[in-house]
Amino acid sequence: MSTVAGTLLEDFVTALHVGVERRADFLTALRDNPPQDIQRLYWLARVTLVDRLETIPAFDAVFSAYFLGAPPQPSPQRDGESEAPDPQDGGELEPIVMGEGTGKEASVHDLRHRRAYAGGTEDLAELRRALAEHLPKIRSRRRRPHRRGQLDVRRTLRHATRTGEITMLARRGRPHRTRPMLLLIDVSGSLREHTPDYLRFAWAAQCETFTFGTHLTRVTRQLRQRELHTALAEVSAVVEDADGGTRIGPSLHEFVTTPRYADRARGALTIVLSDGLERGAPEQMVAAVHRLAKLSHRLLWWSPLALHPEYRPVTRAMAAIVDDVDLAGARDLKSLLERVREL
């Protein structure tokens, strides 16, 4: 399959906003039964990607736009079309002037998508214990009183002035602490069913957290709330691109080029929770991931698609970054717990 054809199919599937399981079914069927003509491609896509009768018209419109050259047809309003108003005082109707900042091009990335995330009933105590046990440890830069280590002359002499003689030798060392962790969570439409569990994982981890769909949003403060449902409610209030489009490259580029954000990745265990399906040109995403890998102690990329045993990073962006990341699969709390235990 050529690069152009692969990109076209990737954009087509992303435009349908289907789940990762149906996306994997379509790609597997496409690999095992390459269609010989456009009609066979239509039925292969319809059988694997459409699960409800009422979604067939929307599927036909997207398929026609991508493969038949037909512009997508907007669905009519339920109330029917209204007639144009009659001109007043015998004059002609004045045209509507479209100023700067209006119209399709200006509004595509300004649409706000808000979503309420449920708290869930899962017990996250086991996940928290696994994080505390398996996250990598480093030595603290500050020295603390310790049974072993360098001689602490000041404490030793202070104790001697109280007792009149040196009866103990105080020491200090550098204790171990948990390495900082950074989470970057994809909240676009293709990960709609996985985003709530990703956010619950972030709340359990209590680490630096950002979300991205069409733009980058820091949600660390919101996830610091004591109650899970309160934290997720505050996240819903600030994340304005949930279940929308995907602009991984620009979002990660904003992160690595903003000093106050990039500093949070320096020496951290960085985990990106995303399927990696970038709709735009891959160059910006590849450059941002390469920079992020250099800043981080270790860069993990956990994708729900990678849980499929036959998954291979064949998209242009994922194929280009495979050497910079440790790729693994995670789609829910159970698989996230398994990934943590493997750290």
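Arginine 218 comes out as partly exposed, at 34% relative accessibility. In this predicted model, its side chain meets that of glutamate 208 in a salt bridge, with N and O 2.4 Å apart. The pair ties together distant parts of the chain, ten residues apart: arginine 218 belongs to strand 7 (residues 216-218) and glutamate 208 to strand 6 (residues 208-212). Glutamate 208 has a relative accessible area of 12%, so it counts as buried.

The structure has ten salt bridges in total. Another one pairs aspartate 197 with arginine 200, whose closest N and O atoms sit 2.3 Å apart. Both residues are buried. They are three residues apart in helix 8 (residues 195-205), which means that about one helical turn separates them. Arginine 266 and aspartate 263 also form a salt bridge, this time with 3.2 Å between the closest N and O atoms. Here arginine 266 is partly exposed at 49%, and aspartate 263 is partly exposed too, at 46%. Salt bridges with shared partners also join Glu208, Arg218 and Arg264 into one network.

Away from the charged pairs, threonine 270 lies in strand 8 (residues 269-273) and is buried, with 0% relative accessible area. Beyond its neighbours within four places in sequence, threonine 270 touches a set of residues including Leu182, Leu184, Ala265, Leu292 and Arg298.

On the surface, Leu151, Val153, Leu157, Ile166 and Leu169 make up a nonpolar patch of about 480 Å². Of these, valine 153 is found in helix 7 (residues 153-163) and is partly exposed, at 49% relative accessibility.

Key:
Residues numbered from 1 in each chain as written. Predicted model: local features only at pLDDT ≥ 70, side-chain atom pairs only at ≥ 80, totals over all residues. Heavy atoms only, no water. Patch = residues over 30% accessible without salt bridge, like charges linked within 9 Å, V, L, I, M, F, W, Y side chains within 5 Å. Areas by Shrake-Rupley, 256 points an atom, 1.4 Å probe, with all protein chains shown as cover. Salt bridge = Lys/Arg side-chain N within 4 Å of Asp/Glu carboxyl O. Helix = DSSP H or I, 4+ residues; strand = E, 2+ residues; numbered from the N terminus. Buried < 20%, exposed > 50% of the residue type's maximum accessible area, 1.4 Å probe, protein only. Contact = heavy atoms within 4.5 Å.
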